[in-house]
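The exercises below concern a structure that is to be examined with its sequence at hand. Please attempt each task before reading its solution.

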Amino acid sequence: MDRREFCRMMLGCAALGCAGGLAGCARLLEWSAQDTGTGRTVTMSGEPSASPEPTTSAEPTVAPPPAPVYPDLAVYRGDDPAANTRAAVLALGGMERFVKRGARVAIKPNIIVGREPELATTTNPEAVAEVVTMAYEAGAAEVVVFDRPTGDPRTAYTVSGIQDAVEAAGGTMKILTERNFERVEIPEGEVLTSWPFVTDVFEADTFINMPIGKTHGMAVLTMSMKNLMGIMGGERGQIHQEFEHKIVDVATLVKPHLVILDAYRIMVRNGPTGGSAKDVETPKTVVAGTNMPSVDAYGTTLFGMQPTDLDYLRNAAERNVGVVDLGSLAIEEGTA
Amino acid sequence: MSRASRRGIHRFRRLFQVGFLVLFVALLAFTVWPLGSVYLGAFLVGDPLIAINSAVNGVLRPEMLIALVMLAVPLVLGRAFCGYVCPMGTVVEWASPRKRGGASARTPGAPGLSPKARETWRKVPVFVLLFSAGMLLFASGAYLVFDPLATVTRSATTLLFPFVDRMVRLLGDIAYLVPALRGAVDAVTTALAGRIVYAVPRVYGLALVALGMFAGILALSVAAPRFWCRYLCPLGALLGLVGRFGVRNRMVDADACIACGACERVCPLDAVRDEYLATDTSRCQLCMECADACPTDAISIGARPKKALYKPSRRAFVLGAGAGLLAGFFTFTGLRRRVHDPHLVRPPGTGAEGDVLALCTRCGQCMKVCPTNVLQPSLSKAGLEGFFTPEMDYGVGNCDWACAECGKVCPTGAIEPLGLAEKRKTVIGRAYIDTTRCIPWTDYRSCLVCQELCPVPDKAIVFTTDELTTPEGEALTVKRPHVIAERCIGCGVCEFNCPVPRESAIRVRGTGA
């Protein structure tokens, strides 16, 4: 065996070793990622305003200012989706109430499939970009926007216009892969007791749920509660059975700090994927709040319905997940 | 050694080979949604074998002029394509046993076949062509599976890129174990997603077969260097056919030649004939390995080379042509199934099934560009003849509403390029609900995933709200889906997303016969 042959053999062995090592790593990772049916327990960081700021001031004589009273819902109308969004968030106390300096912010718009914004299938890109901008204005360290589309994520992100809008505002779009999901226990779940969720939702300091209002064959209407299906992994089709309970189970676990329902355009027929301009109406409205069932309850009125028309809203109210009686909610309405 | 032969462009042959191989893989790597304005399928469009097949089958396009030029090149440059451009040739050359240095090249025992075997094998390309012509006449493109450019494309699509996808994913998974790196991993993943890595890793049903074929072609080199290129490659045979009429090729100075045989031993394509003085111009790739090996510097390139070509006897020619025609005939009548698998669905833009089988070069570029991985190589649904032609596998993905790229990359016209609006109206199949397995129909529970995701504006899936009594006597109201035939385009979104395990309860069947 001459030297060259020896070198070649050693190289071959090294290559084989590398390949074997990689395969082993893959196997180990696969084992460690195996779904056992039970997941970790998480808690969402509470409403940022609720946690008291660490006071550096040592002035005991100054009485703390009385806690400001915010409306439950802020509903703003106007011709500019971005301005509507800004006004509604301002009415709730401004983005500073939800996003602290240095916070990591996660935004979940509805990007179910790639459709142009005019078709009202996906959340208004201008509104999403405005929320990204406001989060940075409030001092956010990073703003990540994601969804789990039903088809190819890149086409969906691109065609919906959300990718360009978010990136122009300085935000980051994230395409989710398996490693972004982890099984999480739902302690208060009645039908759904655990499910894989996007971990960013729980790791972020602020989670903003940003749906668009649409009709939905099975759910009748899809707004913020149904929008959370986009942070769910696994075989989501299974959620559709006993959906009206499962979606409330999810709402007991995932409590967004801020809910912004984009109703600049809404899809009134053929939802949730639509695809035709004739199914689109333009209430030019934004509904913002901190409780998903309440926001969705107001959302039903945009479609000429009552909150009690939706099974899942009735269930949510029964299980004290949120108030859906519009009469008992403080609603601030205005024009931007 | 200050030889004239050392000054030619052939000194940079390796550079050409590496350059074209890199270009080939790079163009293919960029073949992803959305396609830019650069024409990425340039190699396959310039392939004369594919172009002739398409032209005979009635597809004429301006791009084919490239192929016409490529076909004329051997008149002056021999099969330079094989030695300088063809990525398959490059890889086969790398896989071939090396000759050892200048000195040992002149000693007997260089790798290769016995003279007798060489004489037999050099007859083969003519019959490869006759066989191809027979298939072509009977409108079967199955022989194109052996086109070298299609083979490389297919192998890279089903093997190389999925491998890279998995490796990048694996590295990401390992890096993800370090929490500090997670942000960076997610950012890189997002940047590469849909280009190099995919949200769901790519799979191709027949990757192993593609691997076997590719490895087999390389392994043939053990018998003789570049065995595939010499004797079996149909594109090489076609270029060689033109090369027979070459007016410029390898020339030997008979006075300087000492008949040492070095040139014959180093010739990768077995083109040296007649006591080293003549050249088989249907083989010579102008690599000039012979000139480099020649101790007396007797070899150069010039006009009016001394040719030594294999001319089949009339008997052999007639027998070969007969066999080729028979092969075509039996492909036409035997391999092609009269009744197709009901679940065979072709991508949008394909014509009649016969046209797909006649035109498709089985290169898999459409499968490469497809963002959802729904385009898969066909194993048996289209019969043996349709092996590796593209079909929609709705267990893997669905036709994306925002994409119409497969037709744009098809080098043959088997998939016509369609505009997005046109593609969205193109019917490739029709969905049928299996009411014995559909959840609302059988289990009386809500579902409607198919209705929810149906992408056509006027939903092809509608539901009725039915009041019914279960066998247990429970009164229920259930929304049950129905397909409206004239609205369905067969995109398979419903089938892919149906939550019924194992086999979807809504399945798309192909249109046509």
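Four exercises with worked solutions follow.

The model is predicted, so local features need pLDDT of at least 70 and side-chain atom pairs count only at pLDDT 80 or more, while totals for chains, interfaces and linings use all residues. Residues are numbered from 1 along each chain as its sequence is written, chains are lettered from A and ligands numbered from 1 in the order in which they are written, and side-chain values use heavy atoms, with hydrogens and water left out.

**Exercise 1. Helix packing**

Determine at what angle α10(B) and α15(B) pack, and which residues meet.

Step 1. Helices are DSSP runs of H or I with at least four residues, and strands are runs of E with at least two, numbered from the N terminus. Axes are lines fitted to C-alpha atoms, for helices over the stretch in contact, and angles run from 0 to 180 degrees between N-to-C directions.

Step 2. Helix α10 (residues 124–137) and helix α15 (residues 234–243) of chain B have axes 9 Å apart and an angle of about 105°. This makes α10(B) roughly perpendicular to α15(B), a term that covers 65 to 115 degrees.

Step 3. With contact taken as heavy atoms within 4.5 Å, P125(B), V128(B), L129(B) and S132(B) of α10(B) meet P234(B), A237(B), L238(B) and L241(B) of α15(B).

**Exercise 2. The interface of chain B and chain A**

Establish how many residues each chain gives to the contact, and what area is buried.

Step 1. Chain B gives 45 residues and chain A gives 41 residues.

Step 2. About 3600 Å² is buried between the two chains, 54% of it on carbon and sulfur atoms; buried area is the accessible area (1.4 Å probe) that two parts lose on being put together, summed over both. On the side of chain B, W33(B), T190(B) and E452(B) lose the most area to chain A, together 16% of what that side buries.

Step 3. The rule finds 4 salt bridges across this interface, each a side-chain nitrogen of Lys or Arg within 4 Å of a carboxyl oxygen of Asp or Glu. E452(B) pairs in this way with K226(A), the closest N and O atoms being 3.8 Å apart.

Step 4. Helices α11, α12, α24 and α25 of chain B each supply at least two residues of the side that touches chain A. The largest share, 7 residues, comes from α11(B).

**Exercise 3. Backbone exceptions**

Locate the cis peptide bonds at P272(A) and P34(B), and the positive phi of Y276(B).

Step 1. Most residues other than glycine have a negative phi, and most peptide bonds are trans.

Step 2. G271(A) and P272(A) are joined by a cis bond with omega of about 5°, and P272(A) lies in the loop between β10 and β11 of chain A.

Step 3. The bond from W33(B) to P34(B) is also cis, with omega near -10°; P34(B) belongs to the loop between α1 and α2 of chain B.

Step 4. Y276(B) has a phi of about 75° and is found in the loop between β2 and β3 of chain B.

**Exercise 4. Salt bridges**

State how many salt bridges the rule gives over all chains, and what R86(A) and E137(A) tie together.

Step 1. The count comes to 37 over all chains.

Step 2. The side chains of R86(A) and E137(A) form a salt bridge at 3.1 Å, N to O. R86(A) lies in helix α2 and E137(A) in helix α3 of chain A, so the pair ties together parts that are 51 residues apart in sequence.

How values were computed. Parallel < 35°, antiparallel > 145°, perpendicular 65-115°, else oblique.
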